[in-house]
Amino acid sequence: MRLQGLQIGRNEPCPCGSKKRYMDCCLNTKYLITYNYNDQAVLIDKNKINKNLRKIVALNTSLNKFKEKSFEGKGIEVKIALDYLKKLYDIIDSSLEEVEKFSSCSKGCCACCNKYPTATLIEVKYIKEYLKNSLGNDDFEIYIKKLEDNSQKKICPFLSESGECIIYEVRPFACRSYLVFSDPQDCSNQDNEPLRFSDAILDLAANVVEKLSVLLKNTDSKYTKTSIQ
Ligand code: SF4
Ligand code: SF4
Ligand SMILES: [Zn+2]
């Protein structure tokens, strides 16, 4: 699914339901990317998405200045990498706000959390920092020990008993970008492939997240994503 999306005739009724012609309504301002399981047209703001895409491109380009330094033997500082990561998450969240309105995902709906999420090195550091700050050092150690003891469980360790993500603010990109338009029940059914939002903006963002970990580790080998475990 790419943002250029589905083609509709200019004279056809606008999929937003306004009863106007498409050319007189959403043609120039919205991308029609698909229809969700309620048969609602998923229309997202072209301007906002394109602006965010440019922001991610700029972020990606500005990371190049660290490349040389990194390959000289110094990885970039964690603090700098975290600043980049936070900026990236802000852009992603702002872009996904558009898409969320049409997605089937909601609070407490969590079949997608029945596994350990994947994360890159910098994302793991961000989650650790967050947990340390919110729990305090001693409780953090206890918590990590508990996670290790429970590591055989298939479910994500950050899912609370009431079905909420306890690290929601700092959840990794893999979770952040996981939005589906299909019936939520498809997410619990192994035979069904949920209809997920995927786009160039997410591909580029995934690239930046991986690049940050490469720069941090001071290596030119591609940093492969790992289970958060
Ligand atoms: S991905 Fe599926 S299970 Fe997860 S919140 Fe969305 S609809 Fe619910
Ligand atoms: S980190 Fe949060 S959103 Fe991601 S799988 Fe775990 S509970 Fe779900
Ligand atoms: Zn319209």
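Start by selecting D39 in this predicted model. D39 has just 6 other C-beta atoms within 10 Å, so it counts as exposed, the limit for that being 12 or fewer. You'll find D39 in the loop between β1 and β2. Check its backbone too: phi is near 65 degrees, a positive value in a residue that isn't glycine.

Now hop back along the chain to K19, in the segment before β1. Its phi is also positive, near 75 degrees, and again the residue is not a glycine. Is K19 buried or exposed? It has 8 C-beta neighbours inside 10 Å, so K19 is exposed.

Zoom out for a moment. The C-alpha trace spans about 60 × 45 × 30 Å along its principal axes. Colour by secondary structure and you should see 7 helices and 4 strands. Walking along the sequence, they come as β-β-α-α-α-β-α-α-α-α-β. Of the 229 residues, 28% count as buried. Among contacts with a separation of 6 or more, 70% join residues 24 or more positions apart.

Next, go inside. Select A81, L85, L88, A205, L212 and L215: these have the most contacts within the largest nonpolar core, which has 41 residues. Which elements each supply at least two residues of this core? Show β1 (30-35), β2 (41-45), α1 (46-62), α3 (78-100), α4 (121-135) and α7 (200-217). In soluble globular proteins, nonpolar side chains do tend to be buried together.

Stay with A205 and look at what it touches. Leaving aside neighbours within four places in sequence, A205 is in contact with I56, L88, I92 and F173.

For a contrast, select helix α5, residues 137-149. How many of its 13 residues are buried? The count is 0, so to speak a helix that is hardly covered. Try the distance tool on its end C-alpha atoms: they are 19 Å apart, which agrees with the 18 Å that 13 residues should span at 1.5 Å a residue.

Finish with the ligands. Around ligand 1, select S104, C105, C109, C110, A111, C112, Y178, V180, P184, C187 and P194. That shell divides into 10 nonpolar residues, 1 polar and no charged.

Then move to ligand 2, surrounded by C113, P117, C156, F158, L159, C165, I167, R171 and C175. How does this shell split by class? It has 8 nonpolar residues, no polar ones and 1 charged.

Terms used:
Residues numbered from 1 in each chain as written. Chains lettered and ligands numbered in written order. Predicted model: local features only at pLDDT ≥ 70, side-chain atom pairs only at ≥ 80, totals over all residues. Near = placed C-beta within 6 Å. Nonpolar A, V, L, I, M, F, W, Y, C, P; charged D, E, K, R; others polar. Expected span 1.5 Å × (residues − 1). Buried ≥ 20, exposed ≤ 12 C-beta atoms within 10 Å, placed from the backbone. Core = buried A, V, L, I, M, F, W, Y, C linked by C-beta atoms within 7 Å. Contact = placed C-beta atoms within 7 Å.
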